[in-house]
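Here is a short tour for a structural biologist, going from one residue out to the sheets, the aromatic side chains and the chain as a whole. Please keep the viewer open as you read.

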Amino acid sequence: MSSDVPTSTPMSGDPQHGAQPKHGRRLLWTLIAIVVLGLALLAGLQPHYNRDRVVNARAERQKNALPIVEVQTVHIAGSEQVLTLPGTVIPLRSAHIYARASGYLKARYVDLGDTVRKGQLLAIISAPDLDASVEQQTAAVQQGGDNVLTAQSNLRLQQATYTRVHTLVLHGILSQQDDDTALAAVESAQSNLQAMQNAVKGAQGALARTQALADFEQVRSPINGTITARNIEVGNLVSASGAAQGLVAVPGGSTGGSPTGGAQGGELFDVVDLGSLEVFVSVPEQDAPFVQTGQPVDLTFSELPGETFKGKVVRSSDSLSQQTRTLLAEVQISDAQHRLRPGMFASAQMHYRATNPGILISGDSLLSLARGQFVPVVENNVIQMRPVNVGRDLGTQVYITAGLHDGDIIVVNPNDAVKQGARVTTRPAPAGQQGGSN
(Lines give C-alpha, C1' and ligand atoms only; values in the text may rest on other atoms or scores of the structure.)
Protein backbone atom coordinates (compact mmCIF):
# COMPACT_ATOMS: atom_id res chain seq x y z
CA MET A 1 0.00 0.00 0.00
CA SER A 2 1.64 3.06 -1.11
CA SER A 3 1.60 5.93 0.99
CA ASP A 4 1.36 9.33 -0.56
CA VAL A 5 4.26 11.48 0.41
CA PRO A 6 3.26 15.00 0.31
CA THR A 7 5.42 17.20 -1.99
CA SER A 8 6.74 20.26 -0.39
CA THR A 9 5.89 23.41 -2.29
CA PRO A 10 8.04 26.54 -1.69
CA MET A 11 6.20 29.23 -0.21
CA SER A 12 6.07 32.52 -1.78
CA GLY A 13 7.53 34.05 1.27
CA ASP A 14 10.90 32.16 1.06
CA PRO A 15 13.82 34.67 1.08
CA GLN A 16 16.24 32.51 -0.99
CA HIS A 17 13.82 32.15 -3.82
CA GLY A 18 13.45 35.98 -4.23
CA ALA A 19 17.21 36.85 -4.05
CA GLN A 20 18.32 34.85 -7.09
CA PRO A 21 16.38 36.86 -9.76
CA LYS A 22 17.57 40.14 -8.28
CA HIS A 23 21.20 39.08 -8.32
CA GLY A 24 20.99 38.06 -11.98
CA ARG A 25 19.48 41.31 -13.07
CA ARG A 26 22.19 43.30 -11.28
CA LEU A 27 24.91 41.32 -12.99
CA LEU A 28 23.23 41.84 -16.35
CA TRP A 29 23.10 45.61 -15.90
CA THR A 30 26.71 45.66 -14.81
CA LEU A 31 27.76 43.85 -17.97
CA ILE A 32 25.68 46.19 -20.08
CA ALA A 33 27.30 49.23 -18.42
CA ILE A 34 30.77 47.81 -19.01
CA VAL A 35 30.01 47.20 -22.65
CA VAL A 36 28.56 50.69 -23.12
CA LEU A 37 31.57 52.26 -21.39
CA GLY A 38 33.95 50.27 -23.55
CA LEU A 39 32.11 51.33 -26.69
CA ALA A 40 32.21 54.97 -25.54
CA LEU A 41 35.96 54.78 -24.88
CA LEU A 42 36.51 53.15 -28.22
CA ALA A 43 34.44 55.80 -29.97
CA GLY A 44 36.40 58.57 -28.19
CA LEU A 45 39.85 57.12 -28.90
CA GLN A 46 39.21 56.36 -32.53
CA PRO A 47 39.51 60.04 -33.78
CA HIS A 48 42.74 60.50 -31.83
CA TYR A 49 44.11 57.32 -33.27
CA ASN A 50 43.12 58.31 -36.79
CA ARG A 51 44.64 61.79 -36.33
CA ASP A 52 47.90 60.40 -34.97
CA ARG A 53 48.06 57.99 -37.85
CA VAL A 54 47.54 60.81 -40.37
CA VAL A 55 50.16 63.00 -38.65
CA ASN A 56 52.66 60.18 -38.54
CA ALA A 57 52.02 59.37 -42.18
CA ARG A 58 52.43 63.01 -43.16
CA ALA A 59 55.63 63.32 -41.13
CA GLU A 60 56.97 60.21 -42.78
CA ARG A 61 56.14 61.60 -46.22
CA GLN A 62 57.79 64.92 -45.38
CA LYS A 63 60.79 63.08 -44.08
CA ASN A 64 61.16 61.18 -47.28
CA ALA A 65 60.14 64.12 -49.58
CA LEU A 66 62.70 66.40 -51.32
CA PRO A 67 63.18 69.96 -50.00
CA ILE A 68 61.50 72.71 -52.00
CA VAL A 69 63.63 75.70 -53.03
CA GLU A 70 62.67 78.90 -54.81
CA VAL A 71 64.65 79.54 -57.99
CA GLN A 72 65.00 81.99 -60.84
CA THR A 73 66.59 81.88 -64.28
CA VAL A 74 69.35 84.47 -64.72
CA HIS A 75 70.56 86.20 -67.87
CA ILE A 76 73.47 88.42 -68.86
CA ALA A 77 72.76 92.09 -68.15
CA GLY A 78 72.67 94.62 -70.97
CA SER A 79 75.73 96.70 -71.77
CA GLU A 80 73.87 99.96 -71.08
CA GLN A 81 74.27 100.50 -67.36
CA VAL A 82 73.05 103.22 -65.00
CA LEU A 83 75.03 104.16 -61.92
CA THR A 84 72.91 105.96 -59.32
CA LEU A 85 74.77 107.67 -56.49
CA PRO A 86 73.90 110.28 -53.85
CA GLY A 87 75.42 113.73 -54.04
CA THR A 88 75.41 117.10 -52.30
CA VAL A 89 74.82 120.47 -53.94
CA ILE A 90 77.75 122.86 -53.37
CA PRO A 91 78.09 126.42 -54.70
CA LEU A 92 80.74 126.80 -57.37
CA ARG A 93 81.82 130.13 -55.89
CA SER A 94 81.53 130.95 -52.23
CA ALA A 95 83.44 133.03 -49.72
CA HIS A 96 83.75 132.67 -45.96
CA ILE A 97 84.66 136.19 -44.86
CA TYR A 98 86.84 136.55 -41.78
CA ALA A 99 88.10 139.66 -40.04
CA ARG A 100 91.78 140.62 -40.35
CA ALA A 101 91.53 143.58 -38.00
CA SER A 102 90.81 143.34 -34.28
CA GLY A 103 88.31 145.77 -32.82
CA TYR A 104 84.62 146.45 -32.39
CA LEU A 105 82.08 146.30 -35.18
CA LYS A 106 81.20 149.92 -35.87
CA ALA A 107 78.60 149.45 -38.62
CA ARG A 108 76.93 146.63 -40.57
CA TYR A 109 75.35 147.33 -43.96
CA VAL A 110 74.00 143.91 -45.07
CA ASP A 111 71.95 141.14 -43.55
CA LEU A 112 70.94 137.56 -44.27
CA GLY A 113 69.62 137.10 -47.81
CA ASP A 114 70.91 140.37 -49.23
CA THR A 115 72.44 140.34 -52.71
CA VAL A 116 75.88 141.94 -52.84
CA ARG A 117 78.40 142.90 -55.51
CA LYS A 118 82.11 142.24 -55.62
CA GLY A 119 83.89 144.89 -53.56
CA GLN A 120 80.72 146.07 -51.83
CA LEU A 121 81.20 147.32 -48.26
CA LEU A 122 79.61 144.89 -45.81
CA ALA A 123 80.73 146.25 -42.44
CA ILE A 124 83.23 148.55 -40.71
CA ILE A 125 85.43 147.54 -37.78
CA SER A 126 86.61 150.23 -35.38
CA ALA A 127 90.30 149.60 -34.56
CA PRO A 128 91.85 152.71 -32.93
CA ASP A 129 95.14 150.92 -32.31
CA LEU A 130 95.55 150.27 -36.05
CA ASP A 131 94.70 153.88 -36.86
CA ALA A 132 97.29 155.04 -34.35
CA SER A 133 99.85 152.66 -35.87
CA VAL A 134 99.17 154.12 -39.30
CA GLU A 135 99.75 157.64 -37.97
CA GLN A 136 102.92 156.51 -36.20
CA GLN A 137 104.31 154.84 -39.32
CA THR A 138 103.36 157.86 -41.42
CA ALA A 139 105.30 160.09 -39.06
CA ALA A 140 108.26 157.70 -39.22
CA VAL A 141 108.24 157.92 -43.01
CA GLN A 142 108.16 161.71 -42.85
CA GLN A 143 110.97 161.77 -40.33
CA GLY A 144 112.98 159.41 -42.50
CA GLY A 145 112.45 161.72 -45.45
CA ASP A 146 113.76 164.66 -43.41
CA ASN A 147 116.80 162.61 -42.41
CA VAL A 148 117.44 161.85 -46.07
CA LEU A 149 117.37 165.56 -46.90
CA THR A 150 119.80 166.27 -44.08
CA ALA A 151 122.11 163.49 -45.26
CA GLN A 152 121.96 164.79 -48.81
CA SER A 153 122.91 168.29 -47.63
CA ASN A 154 125.77 166.89 -45.59
CA LEU A 155 126.95 164.91 -48.61
CA ARG A 156 126.96 168.00 -50.81
CA LEU A 157 128.90 169.88 -48.16
CA GLN A 158 131.50 167.16 -47.85
CA GLN A 159 131.83 166.91 -51.60
CA ALA A 160 132.40 170.67 -51.88
CA THR A 161 134.94 170.53 -49.07
CA TYR A 162 136.79 167.71 -50.71
CA THR A 163 136.89 169.58 -54.01
CA ARG A 164 138.58 172.59 -52.38
CA VAL A 165 140.94 170.47 -50.31
CA HIS A 166 141.93 168.35 -53.27
CA THR A 167 142.75 171.49 -55.34
CA LEU A 168 144.95 172.84 -52.59
CA VAL A 169 146.69 169.51 -52.26
CA LEU A 170 147.47 169.49 -55.97
CA HIS A 171 149.10 172.91 -55.57
CA GLY A 172 151.08 171.69 -52.60
CA ILE A 173 149.37 173.95 -50.13
CA LEU A 174 147.80 171.11 -48.12
CA SER A 175 149.16 167.68 -47.36
CA GLN A 176 147.98 164.36 -48.72
CA GLN A 177 146.55 163.52 -45.31
CA ASP A 178 144.19 166.45 -45.59
CA ASP A 179 143.06 165.08 -48.97
CA ASP A 180 142.46 161.63 -47.53
CA THR A 181 140.51 163.06 -44.60
CA ALA A 182 138.22 165.04 -46.87
CA LEU A 183 137.65 162.04 -49.11
CA ALA A 184 136.77 159.86 -46.11
CA ALA A 185 134.25 162.48 -45.01
CA VAL A 186 132.60 162.32 -48.43
CA GLU A 187 132.40 158.55 -48.31
CA SER A 188 130.95 158.66 -44.78
CA ALA A 189 128.32 161.15 -45.92
CA GLN A 190 127.40 158.87 -48.83
CA SER A 191 127.04 155.89 -46.48
CA ASN A 192 124.94 157.92 -44.09
CA LEU A 193 122.67 159.00 -46.98
CA GLN A 194 122.28 155.39 -48.09
CA ALA A 195 121.39 154.36 -44.54
CA MET A 196 118.80 157.13 -44.30
CA GLN A 197 117.30 156.10 -47.63
CA ASN A 198 117.11 152.45 -46.49
CA ALA A 199 115.48 153.58 -43.27
CA VAL A 200 112.88 155.44 -45.29
CA LYS A 201 112.18 152.31 -47.35
CA GLY A 202 111.77 150.29 -44.15
CA ALA A 203 109.42 152.86 -42.72
CA GLN A 204 107.44 152.93 -45.95
CA GLY A 205 107.15 149.12 -45.87
CA ALA A 206 105.94 149.20 -42.26
CA LEU A 207 103.47 151.91 -43.20
CA ALA A 208 102.20 149.86 -46.15
CA ARG A 209 101.71 146.81 -43.92
CA THR A 210 99.93 148.81 -41.24
CA GLN A 211 97.83 150.57 -43.85
CA ALA A 212 96.88 147.21 -45.40
CA LEU A 213 95.75 145.97 -41.99
CA ALA A 214 93.86 149.19 -41.43
CA ASP A 215 92.14 148.73 -44.79
CA PHE A 216 90.71 145.47 -43.42
CA GLU A 217 88.65 147.61 -41.08
CA GLN A 218 86.38 147.83 -44.11
CA VAL A 219 84.91 144.35 -44.66
CA ARG A 220 84.13 143.93 -48.36
CA SER A 221 82.67 141.12 -50.45
CA PRO A 222 85.21 139.36 -52.70
CA ILE A 223 82.54 137.99 -55.07
CA ASN A 224 79.05 138.63 -56.39
CA GLY A 225 76.51 136.61 -54.46
CA THR A 226 74.01 136.35 -51.64
CA ILE A 227 74.61 136.64 -47.91
CA THR A 228 73.80 133.15 -46.59
CA ALA A 229 75.14 133.64 -43.04
CA ARG A 230 75.71 136.65 -40.81
CA ASN A 231 77.40 135.97 -37.48
CA ILE A 232 78.15 139.46 -36.23
CA GLU A 233 76.27 142.43 -34.80
CA VAL A 234 77.14 146.05 -34.17
CA GLY A 235 79.17 146.44 -30.97
CA ASN A 236 80.61 142.92 -30.93
CA LEU A 237 84.32 142.48 -30.34
CA VAL A 238 86.03 140.93 -33.35
CA SER A 239 89.42 139.24 -33.25
CA ALA A 240 91.91 139.26 -36.07
CA SER A 241 91.39 135.50 -36.52
CA GLY A 242 87.84 136.19 -37.66
CA ALA A 243 85.98 134.80 -34.65
CA ALA A 244 83.41 137.08 -33.10
CA GLN A 245 83.51 137.19 -29.30
CA GLY A 246 80.56 137.79 -27.06
CA LEU A 247 77.99 137.22 -29.80
CA VAL A 248 74.34 136.98 -28.90
CA ALA A 249 72.07 134.89 -31.12
CA VAL A 250 70.00 137.04 -33.42
CA PRO A 251 66.33 135.94 -33.37
CA GLY A 252 64.98 134.39 -36.52
CA GLY A 253 62.77 136.40 -38.82
CA SER A 254 59.06 136.11 -39.38
CA THR A 255 59.63 133.14 -41.66
CA GLY A 256 60.55 131.03 -38.67
CA GLY A 257 64.10 130.44 -39.86
CA SER A 258 66.87 129.49 -37.48
CA PRO A 259 68.97 132.23 -35.90
CA THR A 260 72.21 133.13 -37.62
CA GLY A 261 73.99 134.77 -34.70
CA GLY A 262 76.70 133.15 -32.65
CA ALA A 263 80.20 132.04 -33.58
CA GLN A 264 79.32 129.63 -36.40
CA GLY A 265 82.67 128.54 -37.70
CA GLY A 266 84.30 131.87 -36.87
CA GLU A 267 83.41 133.65 -40.12
CA LEU A 268 81.66 136.99 -40.07
CA PHE A 269 79.74 136.53 -43.33
CA ASP A 270 79.16 133.81 -45.89
CA VAL A 271 78.66 134.97 -49.47
CA VAL A 272 77.46 132.38 -52.00
CA ASP A 273 76.92 132.67 -55.74
CA LEU A 274 73.62 130.80 -56.12
CA GLY A 275 73.60 131.03 -59.91
CA SER A 276 76.38 128.49 -60.46
CA LEU A 277 76.24 125.23 -58.53
CA GLU A 278 78.04 121.91 -58.54
CA VAL A 279 77.35 118.47 -57.10
CA PHE A 280 80.03 116.36 -55.44
CA VAL A 281 79.56 112.60 -55.79
CA SER A 282 81.59 109.92 -54.02
CA VAL A 283 81.96 107.02 -56.46
CA PRO A 284 82.73 103.55 -54.97
CA GLU A 285 85.96 101.87 -55.97
CA GLN A 286 84.35 99.25 -58.23
CA ASP A 287 82.49 101.96 -60.15
CA ALA A 288 85.36 104.45 -60.43
CA PRO A 289 86.61 103.18 -63.85
CA PHE A 290 83.25 104.08 -65.43
CA VAL A 291 83.40 107.80 -64.45
CA GLN A 292 85.00 109.99 -67.12
CA THR A 293 85.42 113.76 -67.51
CA GLY A 294 82.66 115.20 -69.70
CA GLN A 295 80.28 112.34 -68.94
CA PRO A 296 76.61 113.51 -68.86
CA VAL A 297 74.74 113.15 -65.58
CA ASP A 298 71.00 113.30 -64.82
CA LEU A 299 70.22 114.87 -61.45
CA THR A 300 66.95 114.56 -59.56
CA PHE A 301 65.83 116.05 -56.27
CA SER A 302 63.14 114.90 -53.89
CA GLU A 303 62.06 118.52 -53.41
CA LEU A 304 61.38 118.82 -57.17
CA PRO A 305 59.60 115.58 -58.14
CA GLY A 306 59.30 114.79 -61.83
CA GLU A 307 62.06 117.20 -62.87
CA THR A 308 65.50 116.21 -64.16
CA PHE A 309 68.46 118.58 -64.28
CA LYS A 310 71.28 118.06 -66.75
CA GLY A 311 74.89 118.17 -65.68
CA LYS A 312 78.27 116.77 -66.61
CA VAL A 313 81.40 115.57 -64.87
CA VAL A 314 83.91 118.43 -65.10
CA ARG A 315 86.69 116.87 -63.02
CA SER A 316 87.52 114.16 -60.51
CA SER A 317 90.16 113.58 -57.88
CA ASP A 318 91.77 110.85 -60.05
CA SER A 319 92.65 109.00 -56.85
CA LEU A 320 90.72 107.08 -54.22
CA SER A 321 90.37 108.21 -50.65
CA GLN A 322 92.23 105.84 -48.33
CA GLN A 323 89.54 106.31 -45.69
CA THR A 324 86.42 105.70 -47.81
CA ARG A 325 87.87 104.01 -50.95
CA THR A 326 85.82 106.34 -53.12
CA LEU A 327 86.56 108.65 -56.04
CA LEU A 328 85.36 112.24 -55.65
CA ALA A 329 83.68 113.48 -58.84
CA GLU A 330 82.52 117.04 -59.46
CA VAL A 331 79.35 117.48 -61.51
CA GLN A 332 78.63 121.00 -62.71
CA ILE A 333 75.01 122.07 -63.07
CA SER A 334 73.39 125.36 -64.03
CA ASP A 335 70.15 126.61 -62.52
CA ALA A 336 69.05 129.84 -64.14
CA GLN A 337 65.78 129.89 -62.17
CA HIS A 338 67.59 129.57 -58.81
CA ARG A 339 65.44 126.68 -57.65
CA LEU A 340 68.33 124.66 -56.27
CA ARG A 341 69.98 125.53 -52.99
CA PRO A 342 73.40 124.62 -51.57
CA GLY A 343 73.21 121.67 -49.23
CA MET A 344 70.37 119.92 -51.06
CA PHE A 345 70.55 116.15 -51.48
CA ALA A 346 70.82 115.04 -55.10
CA SER A 347 70.45 111.69 -56.84
CA ALA A 348 72.99 111.48 -59.67
CA GLN A 349 72.45 108.98 -62.50
CA MET A 350 75.46 108.29 -64.68
CA HIS A 351 74.92 106.34 -67.91
CA TYR A 352 77.77 104.30 -69.36
CA ARG A 353 78.43 101.25 -71.53
CA ALA A 354 80.01 98.25 -69.79
CA THR A 355 81.97 95.70 -71.82
CA ASN A 356 81.37 92.87 -69.35
CA PRO A 357 78.53 93.85 -67.01
CA GLY A 358 77.97 90.28 -65.74
CA ILE A 359 74.79 88.70 -64.42
CA LEU A 360 72.62 90.56 -61.92
CA ILE A 361 71.37 88.37 -59.07
CA SER A 362 69.81 88.90 -55.67
CA GLY A 363 72.29 89.50 -52.90
CA ASP A 364 70.59 86.75 -50.87
CA SER A 365 71.69 84.16 -53.45
CA LEU A 366 75.36 84.88 -52.78
CA LEU A 367 76.89 82.69 -50.08
CA SER A 368 80.15 83.73 -48.43
CA LEU A 369 81.92 80.63 -47.16
CA ALA A 370 85.36 80.06 -45.71
CA ARG A 371 86.73 78.92 -49.07
CA GLY A 372 85.19 81.73 -51.12
CA GLN A 373 81.92 83.05 -52.51
CA PHE A 374 79.41 80.69 -54.09
CA VAL A 375 76.01 80.73 -55.75
CA PRO A 376 73.81 77.57 -55.57
CA VAL A 377 72.82 76.45 -59.08
CA VAL A 378 70.16 73.79 -59.75
CA GLU A 379 71.05 71.26 -62.46
CA ASN A 380 68.64 68.35 -62.95
CA ASN A 381 67.17 69.02 -59.49
CA VAL A 382 70.63 68.73 -57.91
CA ILE A 383 72.39 71.60 -56.14
CA GLN A 384 75.77 72.66 -57.55
CA MET A 385 77.73 75.20 -55.50
CA ARG A 386 79.38 77.42 -58.13
CA PRO A 387 82.39 79.58 -57.15
CA VAL A 388 81.85 83.08 -58.54
CA ASN A 389 83.55 86.46 -58.92
CA VAL A 390 81.57 89.43 -57.67
CA GLY A 391 81.55 92.72 -59.61
CA ARG A 392 79.48 95.77 -58.72
CA ASP A 393 77.61 95.56 -55.45
CA LEU A 394 74.28 97.42 -55.51
CA GLY A 395 73.40 96.49 -51.93
CA THR A 396 70.39 94.20 -52.39
CA GLN A 397 71.71 93.04 -55.78
CA VAL A 398 75.15 92.12 -57.07
CA TYR A 399 76.71 91.55 -60.48
CA ILE A 400 78.47 88.22 -61.03
CA THR A 401 81.27 88.62 -63.56
CA ALA A 402 82.44 84.97 -63.62
CA GLY A 403 81.05 81.60 -62.50
CA LEU A 404 77.50 81.85 -63.87
CA HIS A 405 76.19 81.44 -67.40
CA ASP A 406 73.23 82.84 -69.26
CA GLY A 407 70.14 80.72 -68.50
CA ASP A 408 71.41 79.19 -65.24
CA ILE A 409 68.82 78.41 -62.61
CA ILE A 410 69.93 79.67 -59.21
CA VAL A 411 68.43 79.34 -55.75
CA VAL A 412 66.94 82.50 -54.31
CA ASN A 413 67.40 82.93 -50.55
CA PRO A 414 68.97 79.47 -49.91
CA ASN A 415 68.43 77.72 -46.57
CA ASP A 416 70.37 75.05 -44.65
CA ALA A 417 69.08 72.30 -46.93
CA VAL A 418 70.91 73.83 -49.90
CA LYS A 419 74.21 71.96 -50.03
CA GLN A 420 76.47 70.54 -52.67
CA GLY A 421 74.86 67.50 -54.32
CA ALA A 422 71.51 67.83 -52.49
CA ARG A 423 68.41 66.82 -54.48
CA VAL A 424 65.64 69.39 -54.37
CA THR A 425 62.29 70.31 -55.81
CA THR A 426 62.06 73.76 -57.38
CA ARG A 427 59.42 76.42 -57.71
CA PRO A 428 59.65 79.97 -59.14
CA ALA A 429 60.56 82.66 -56.66
CA PRO A 430 58.23 85.65 -56.19
CA ALA A 431 59.04 88.58 -58.45
CA GLY A 432 60.02 90.80 -55.53
CA GLN A 433 62.78 88.42 -54.44
CA GLN A 434 64.46 87.99 -57.82
CA GLY A 435 67.70 89.76 -58.54
CA GLY A 436 67.18 90.59 -62.20
CA SER A 437 64.66 90.30 -64.96
CA ASN A 438 64.24 86.84 -66.39
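## Starting with Thr163

Does Thr163 count as buried, partly exposed or exposed? Before answering, please bear in mind that this is a predicted model. Thr163 has a relative accessibility of 48%. The range between buried and exposed runs from 20% to 50%, so Thr163 counts as partly exposed.

To find this residue, look in helix 2, which spans residues 128–170. A useful partner to pick out is Ala182, which is 19 residues from Thr163 along the chain. The C-alpha atoms of Thr163 and Ala182 are separated by 8.6 Å.

## The barrel and strand 2

Let us turn to the strands. Six of them close into a barrel, and you can trace it in the order 2-12-15-14-13-16. The pairing in this barrel is antiparallel. From one strand to the next, the twist averages 40°.

Strand 2 and strand 16 are worth a closer look. Strand 16 covers residues 345–353, and nine bridges join it to strand 2. The two strands run antiparallel. For a pair to follow by eye, take Leu83, which stands opposite Met350 in strand 16.

## Pro86 and its surroundings

Strand 2, made up of residues 80–91, is also the place of Pro86. How exposed is Pro86? Its relative accessible area is 45%, so Pro86 is partly exposed.

Which residues does Pro86 touch, leaving aside those up to four places away in sequence? They are Phe280, Val281, Ser282, Phe345 and Ala346. Of these contacts, Phe345 makes a nice example of chain and space telling separate stories: Pro86 and Phe345 are 259 residues apart in sequence, while their C-alpha atoms are 7.2 Å apart in space.

## The open sheet

There is also an open sheet of three strands, with the order 17-22-21 and antiparallel pairing. Its edge strands are strand 17 (359–362) and strand 21 (389–393), each of which pairs on one side only. On average, and with direction ignored, neighbouring strands of this sheet are turned by 40° against each other.

Within this sheet, three bridges join strand 21 to strand 22, which is made up of residues 397–402. These two strands run antiparallel. Here Val390 is the residue to select, as it stands opposite Ile400 in strand 22.

## Aromatic rings and arginines

How many aromatic pairs does a search of the whole structure find? The search finds one. The pair is formed by Phe301 and Phe309, whose ring centres are 5.5 Å apart. Their planes lie at 80°, and planes over 60 degrees apart count as edge-to-face, so this pair is edge-to-face. Both Phe301 and Phe309 are buried.

Two arginines lie over phenylalanine faces as well. Arg100 lies over the face of Phe216, at 5.2 Å from the ring centre. Arg371 lies over the face of Phe374, and here the figure is 4.8 Å from the ring centre.

## The chain as a whole

Stepping back, the secondary structure of the protein chain comes to three helices and 24 strands. The chain has 438 residues, and 33% of them are buried. Its accessible surface comes to about 26,700 Å², with 54% of that belonging to carbon and sulfur atoms.

Contacts give another view of the fold. Among those between residues at least 6 apart in sequence, 74% join residues at least 24 apart. The contact between Pro86 and Phe345 spans 259 residues in sequence.

How values were computed:
Residues numbered from 1 in each chain as written. Predicted model: local features only at pLDDT ≥ 70, side-chain atom pairs only at ≥ 80, totals over all residues. Heavy atoms only, no water. Helix = DSSP H or I, 4+ residues; strand = E, 2+ residues; numbered from the N terminus. Buried < 20%, exposed > 50% of the residue type's maximum accessible area, 1.4 Å probe, protein only. Contact = heavy atoms within 4.5 Å. Pairing = 2+ DSSP bridges. Axes fitted to C-alpha atoms, helices over the stretch in contact; angles between N-to-C directions. Phe/Tyr/Trp six-rings, centres within 6.5 Å; stacked < 30°, edge-to-face > 60°. Lys NZ or Arg CZ within 6 Å of the ring centre and 35° of its normal. Areas by Shrake-Rupley, 256 points an atom, 1.4 Å probe, with all protein chains shown as cover.
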